[in-house]
Amino acid sequence: MDLSELGDSLQEPAEPFRFNFEIAWEVANKVGGIYTVIRSKAAVTTAELGDQYCMLGPYNEACVRLEVEVMEPSFSVLRESIEVLRSAGIKVVFGRWLIDGYPKVVLFDIGSAYDKLAGWRKELWELCHIGIPDDDKESKDAVVFGNLVYWFVTEFVSRLPGPPPMVVTHFHEWLSGVGLILLRMRDAPVSTIFTTHATLLGRYLCAGNVDFYNQLEKFNVDKVREQGGSSGGNNELLDPFVEAGDRQIYHRYCIERAAVHTTHIFSTVSQVTADEAEHLLKRKPDIILPNGLNVVKFSAIHEFQNLHAKAKEKIHEFVRGHFYGHYNFDLDNTLYLFIAGRYEFSNKGADLFLESLARLNHYLRSSNSNVTVMAFLIFPTKTNSFNVDSLKGQAITKQLREAVDDIQTKVGKKIFEAALSGELPESSKLLDDKDIITLKRCIYATQRPSLPPVVTHNIVDDFDDPVLTHVRRIKLFNQRQDRVKVIFHPEFLSSTNPLFKMDYEEFVRGCHLGVFPSYYEPWGYTPAECTVMGIPSVTTNLSGFGCFIAQHVADPATYGIYIVDRRFKNAEESVQQLTHYLYEFCSQTRRQRIIQRNRTERLSDLLDWQTLGQYYRTARKKALQCTHPEYFKRRSSTSGSQTPTSPGFKYPRPLSEPPSAPPSEAGDDNDDRPSSPTH
């Protein structure tokens with residue numbers, strides 16, 4: 001959808017009798033990526049709608065204690081609606097979420113309503129023939145949550161005075177879908193929006209290593225396979241109902257699909273998810289709602305460059321300790337690459353990344369490059385403890401640093417005293433025997449026969465771990481002659497971490513390139529976060545972010561966003577393309593990388609909620625047009641012009657010189673760039 005199509009008509013103020021409820025399982029309840037979407041968008045939505053905006057979610061006591069200021073509502077209709085549920089024994093908490101925008105939240109305690117579950121399950125079956133199995137607690141929670149949302153919203157609407165109210169209810173994902181289904185099936189006077197951030201079946205199929213995108217068009221809801229089992233032959237028509245049943249998610253799929261087909265406005269977060277939903281859920285989205293971020297703009301460009309330098313120095317400290325005894329590379333010629341996210345090895349593209357690193361290592365060694373690449377893989381998984389060797393390295397480095405600082409202080413004092421007396425200090429007298437012995441002991445402590453560890457923790461079942469298995473296959477063991485080093489950190493980064501002592505945002509700022517060659521990524525917050533921090537990144541044309549950038553930026557690579565083709569190329573071709581991008585990045589001079597970071601940061605406005613919030617505004621208006629057409633003037637060309645596939649505004653290609661020389665010219669200059677590999 002083109003930003004220019006939103007038009008001046010969206011600048012009209014909100015009507016005094018308009019109310020907007022946003023419903024999601026992740027409201028003040030950190031579970032997954034939707035929490036980031038709702039939390040970061042709250043400031044823009046609250047600024048637009050004010051107290052006419054309220055979020056509905058489940059009550060999570062641990063999160064509420066830290067994130068919600070509990071109070072009683074001042075608006076009488078809201079207060080009376082809550083009291084109705086409380087009088088029936090339902091625990092309902094009202095308050096303000098302590099985030100930017102300070103939005104109102106109404107949270108329902110699911111456990112306090114579980115005594116009504118049996119009746120609600122029966123009503124759901126009688127209403128739309130969706131049965132909920134006894135052993136699926138998550139689905140049962142969704143039924144309770146949906147009924148509480150329906151109950152509250154209908155009580156609220158029935159108490160509004162004056163003309164018929166204009167109430168918009170925006171539901172996120174299948175966990176909130178039961179509430180939408182009930183509102184629509186029982187003809188509640190509200191407008192509804194349903195957003196799927198990733199289809200249920202899409203996630204399960206990709207997790208099962210199905211050739212998802214090549215099979216996508218073969219799904220046919222009108223044909224049921226004669227034989228059960230998962231999809232197999234290339235010419236076989238695939239039935240989503242059967243596929244969902246094979247994976248024990250049939251009832252969840254039914255909830256999701258029913259919500260999609262009953263809602264007034266159906267939306268997804270990206271074009272790639274829109275295509276997926278059209279085939280798996282059999283409805284084309286009415287609008288695409290891209291995910292944004294709260295962008296903090298700096299008054300001067302050099303400020304975020306300074307933050308990069310400071311964060312990079314902290315990573316230097318870790319690397320010095322981790323590679324003690326094998327510290328034979330120059331940190332000034334070391335590039336930090338990273339991949340991070342949920343531990344979905346193939347979906348997140350970790351397999352593609354590692355394979356490309358092995359080839360990059362060969363190219364850099366063949367060209368006698370003095371560039372060292374440090375590749376970090378940040379995937380949380382089950383661990384027993386920190387790797388002893390990793391902790392020992394940091395301790396030895398710290399001991400050496402303290403010894404050198406002490407000697408440096410004493411030497412500085414000797415130089416000062418000599419200079420003050422008018423004499424030049426004798427170099428032989430600057431270090432006494434004790435200092436030399438101390439230094440020798442520290443140097444001997446840094447020697448070790450073993451290689452630096454590939455992983456910083458002791459992983460449970462490390463023999464079957466996907467990353468470690470792949471590392472063994474490509475033989476990237478951090479040997480001295482390797483130009484590419486691998487560090488697998490299997491837990492989330494935190495400033496209290498005894499190894500890194502950095503939070504995730506600071507770590508990202510200190511890196512040079514984020515690599516996210518995802519196979520299944522409905523949006524992709526990780527490359528978006530890199531972009532707003534001025535860090536170049538690699539994404540794919542199968543991620544929502546990659547499709548969005550390709551749509552709105554004329555030449556993404558010149559802005560530091562490299563898009564790998566994983567949709568129309570086979571795996572080998574994608575690996576070759578990614579390796580080419582990585583090698584090209586390693587061929588840049590420091591000045592070229594600085595210029596590229598400036599360009600990357602320039603795209604942050606495109607990802608700001610101040611810009612992308614307009615899509616949500618359009619969705620709300622479309623929903624109200626469905627239920628209150630008399631309040632809006634319909635445009636005859638709306639249905640043809642506001643489709644999810646319109647080309648949109650494009651950032652032009654920068655007029656200055658390209659950030660790096662073409663690969664064929666990478667070795668022509670007498671600088672530190674490696675020569676081009678022979679493919």
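This briefing covers three topics in the structure above: helix α1, helix α22, and the packing of helix α4 against helix α5. The model is predicted, and every value given here was computed from it.

**Helix α1**
- Helix α1 runs over residues 33–49, and because a span of 24 Å is expected for its 17 residues at 1.5 Å a residue, the 24 Å between its end C-alpha atoms agrees with that expectation.
- A kink of about 45° is nevertheless present in α1, centred on Ala42, and Ala42 is itself among the buried residues of the helix.
- The other buried residues of α1 are Ile34, Tyr35, Val37, Ile38, Ser40, Lys41, Val44, Thr45, Thr46 and Leu49.
- After α1 comes Gly50, which has a positive phi, near 65°.

**Helix α22**
- Helix α22 comprises the 13 residues 590–602, and the distance from its first C-alpha to its last is 19 Å, close to the 18 Å expected at 1.5 Å a residue.
- Buried positions in α22 are Gln592, Arg593, Gln596, Arg597, Arg599, Thr600 and Glu601.

**Packing of α4 against α5**
- Helix α4 (residues 117–128) packs with helix α5 (residues 137–158) at an angle of about 85°, their axes lying 10 Å apart.
- Because angles of 65 to 115 degrees count as roughly perpendicular, α4 and α5 are described as roughly perpendicular to each other.
- From α4, the contact draws on Leu117, Trp120, Arg121, Glu123 and Leu124, while α5 contributes Lys140, Val143, Val144, Asn147, Leu148 and Trp151.
- By residue class, the contact of α4 with α5 consists of 7 nonpolar, 1 polar and 3 charged residues.

Note on methods:
Residues numbered from 1 in each chain as written. Predicted model: local features only at pLDDT ≥ 70, side-chain atom pairs only at ≥ 80, totals over all residues. Heavy atoms only, no water. Helix = DSSP H or I, 4+ residues; strand = E, 2+ residues; numbered from the N terminus. Expected span 1.5 Å × (residues − 1). Bend = angle between axes of the 7 residues up to and from the residue. Buried < 20%, exposed > 50% of the residue type's maximum accessible area, 1.4 Å probe, protein only. Axes fitted to C-alpha atoms, helices over the stretch in contact; angles between N-to-C directions. Parallel < 35°, antiparallel > 145°, perpendicular 65-115°, else oblique. Contact = heavy atoms within 4.5 Å. Nonpolar A, V, L, I, M, F, W, Y, C, P; charged D, E, K, R; others polar.
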